[in-house]
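Got your viewer open and a selection tool ready? Let's walk through this structure stop by stop, picking something to select each time.

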Amino acid sequence: MRKLALSDEILLKVDKPARYIGGEINAVTKDPEKVDIRFAMCFPDVYEIGMSHLGIQILYDMFNKRPDVWCQRVYSPWPDLDRILREKQIPLFALESQAPVREFDFLGITLQYEMCYTNVLQILDLAGIPLHAGERTAADPLVIGGGPCTYNPEPLADFFDLFYIGEGEVVYDALFDAYLENRKAGGSRQDFLKKAAGIPGIYVPSLYKAAYHEDGTLADFQPLCLEAPKTVEKQLVLDFDSVSYPEAPVVPYLKAAQDRVVLEIQRGCIRGCRFCQAGMIYRPLREKNLKTLKEKAEAMLRSTGYEEISLSSLSSSDYSQLPELLDHLIADCDRRHVNISLPSLRIDAFSLDVMSKVQDVKKSSLTFAPEAGSQRMRDVINKGLTEEDILKGAGQAFEGGWNKVKLYFMLGLPTETEEDILAIAELCEKVAERYYDIPKEQRNGKCQITASSSFFVPKPFTPFQWASMNTKEQFLEKARLLKESIRSQKNQKSIKYNYHEADVSVLEGVLARGDRRLGAVIEAAYRNGALFDAWSETFRPECWEKAFRDTGLDPAFYTSRQRDPEELFPWDFIHIGVTKAFLKREWENALAEKVTPNCRQQCSGCGARTYGGGVCCETAD
């Protein structure tokens, strides 16, 4: 029987003790004496959020298929346990073995959003691992980061030994083999880091040096040794059907944020929305085979007992065999009494035929993302939607029996005017009117429209990476204007409006666009008490304000200025296939309010064709 790292006395003192005991269904246990590498896979947020992340489930399954590797999981302790671990000097531990994280060979941390950065330092601190990579010895794990935030890893460069740029299924085996070879040869930690730098997609920040102009902009970024390449190439899965995918994912004890089977149907996107980082970094589009999806869905439902299955992709409507897949899933899920979730659907592609197929399965609200209220603004962001598309799609949803619709928008987009903001309220009103156009006897109760607005953050590797960002005060004024406009609409009782925290969005922009100098700010904020910054109840902006003052860095430098077209970005050393020239061209098209066709209609020459194997690249002329 496993010995738990925490006593019963401690577990009874903390909220949701099941977060820390492990032993879940499908968790992998191995004999530590029979493995050569122990890998602690960390999601730097609370258990329920981390257990919902598909990427960790994929890598956990893939790593543990190697007989010489034991991958275990670790999550951020909630503040109640954080205090106890510090007071009682209990080192942070992995769930499967309950062994201290510091005893592992690797600590892999996924970086899914910028607001987890202080939690990264919490993980290192509680584990007893020096925060700075340069202070670690052979006794410490190698700390490696992955995930979308590694497409600008520079703000965290001081804290990581390595970063993996791209999709994890590609070169981790090569990295593990290099580690074992180096250990067998008696090589040092530095020897391994140099070997690792020669593996495609692996970035070792200590082997590079940044220089700055007097105005604070980046002047130069160069490797310090021959082993480190000048350009780091993202890694991409091309044969999407042959790579590992979990047929028996770990089932959490607690209700996770995404408490269902997740079936990934494709990666990448053909759409080219100019604000969307994922749409650029995951190009080209790659689809999974229908036969593969049927087999994986059957296996996961059988091994987990979940009562819901969700299709995962950036734009599920663009999966070319969606009708055939739904036909199969409807029949199978109806027999099992399993609900089907269809997220990431484009409102113009959501046909009445598709909706009718899930008619008899439990309904929830439908989510659509027009992103902007006016046609001019939708053309600027290259959304590729007309008002007619939106109202027609909403009408089809209402006629199909839905009465709850969520509409997602952004405020603060480049070139936005007051008219564009007011157009959001007017569009919500038109959607509500479309519901009440249906004969009363055919309606399914009262119409409920939830309009949510996030605040625009210009992310790396998007056409908007040159754009400036609104201040907190500007964001809040725009949200106030929109809220008042919604209240003045005829059907305002059917429309609920909420918006994201403005100060969190501004900080996200700083961290997303920052350089190596921000490492000192992140560390100072953590020392000041910043933790779980993605959570409204625990976010403490004063910790960050003091950190910026004490380090002498101005956050507005990273957000408020529009970037020069020729400026060297901290992330320019990474090659994602999509070229900077294409992104610059798309920035110019945005300012000209010019729409670029999607990849299936016409190839726009983004550069992703260099990878080959993408559906969009195969069909575009």
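First, a term for the opening stop: a salt bridge is a side-chain nitrogen of Lys or Arg within 4 Å of a carboxyl oxygen of Asp or Glu. Side chains of opposite charge can pair when their charged atoms come close.

Before you click, know that you're looking at a predicted model, where local features need pLDDT of at least 70, side-chain atom pairs count only at pLDDT 80 or more, and totals for chains, interfaces and linings use all residues. Residues are numbered from 1 along each chain as its sequence is written, and side-chain values use heavy atoms, with hydrogens and water left out.

**Stop 1: charged partners**

Select Arg 267 and Glu 167. They form a salt bridge, with the closest N and O atoms 3.2 Å apart. Arg 267 sits in strand 11 (residues 266–267) and Glu 167 in the loop between strand 5 (162–164) and helix 6 (172–184), so the pair ties together parts that are 100 residues apart in sequence. Helices (H or I, at least four residues) and strands (E, at least two) are DSSP runs, numbered from the N terminus.

Are these two buried or exposed? Both Arg 267 and Glu 167 are buried. Here buried means under 20% relative accessible area, exposed means over 50%, and partly exposed is in between (1.4 Å probe, protein chains only).

Now add Glu 169, Glu 264 and Arg 286 to your selection: together with Glu 167 and Arg 267, they are linked in a network of salt bridges. How many salt bridges does the structure hold? The count is 49.

Next, pick Lys 16 and Glu 48. Their salt bridge has its closest N and O atoms 3.1 Å apart. This pair links distant parts of the chain: Lys 16 is in the loop between helix 1 (8–11) and strand 1 (37–43), while Glu 48 is in helix 2 (residues 47–50), 32 residues apart. Lys 16 is partly exposed, at 36% relative accessibility, whereas Glu 48 is buried at 8%.

One more pair: select Asp 515 and Arg 517, whose side chains meet in a salt bridge (2.7 Å, N to O). Asp 515 counts as buried at 5% relative accessibility, and Arg 517 as partly exposed at 26%.

**Stop 2: strand 1 and its neighbours**

Select residues 37–43, which make up strand 1. Seven of its seven residues are buried, so strand 1 is largely enclosed by the rest of the structure. In a regular strand the side chains alternate between the two faces of the sheet. On one side of strand 1 you'll find Ile 37, Phe 39, Met 41 and Phe 43, and on the other Arg 38, Ala 40 and Cys 42.

Now bring in strand 2 (residues 69–75), which runs parallel to strand 1 and is joined to it by seven bridges. Two strands pair if DSSP finds at least two bridges between them. To see one partnership, click Arg 38 and Trp 70 in strand 2. Strand 3 (residues 106–110) also runs parallel to strand 1, with four bridges joining the two. There, Met 41 stands opposite Gly 108.

**Stop 3: two covered helices**

Select residues 54–64 for helix 3, where ten of the eleven residues are buried. Among the buried ones are Leu 54, Ile 58, Tyr 60 and Phe 63.

Then jump to helix 5 (residues 117–127). Ten of its eleven residues are buried, so helix 5 is largely enclosed by the rest of the structure. Its buried residues include Tyr 117, Leu 121 and Ala 127. What follows helix 5? Gly 128, whose phi is positive, near 80°.

**Stop 4: Ser 310**

Click Ser 310 in strand 13 (residues 308–312). Ser 310 is buried, at 7% relative accessible area. Leaving aside neighbours within four places in sequence, Ser 310 is in contact (heavy atoms within 4.5 Å) with Arg 260, Val 261, Val 262, Leu 263, Ser 341 and Pro 343.

**Stop 5: Ile 330**

Finish at Ile 330, in helix 10 (residues 322–336). Ile 330 is buried, with a relative accessible area of 17%. Select Ile 340 too: the two are ten residues apart in sequence and 7.7 Å apart in space, C-alpha to C-alpha.
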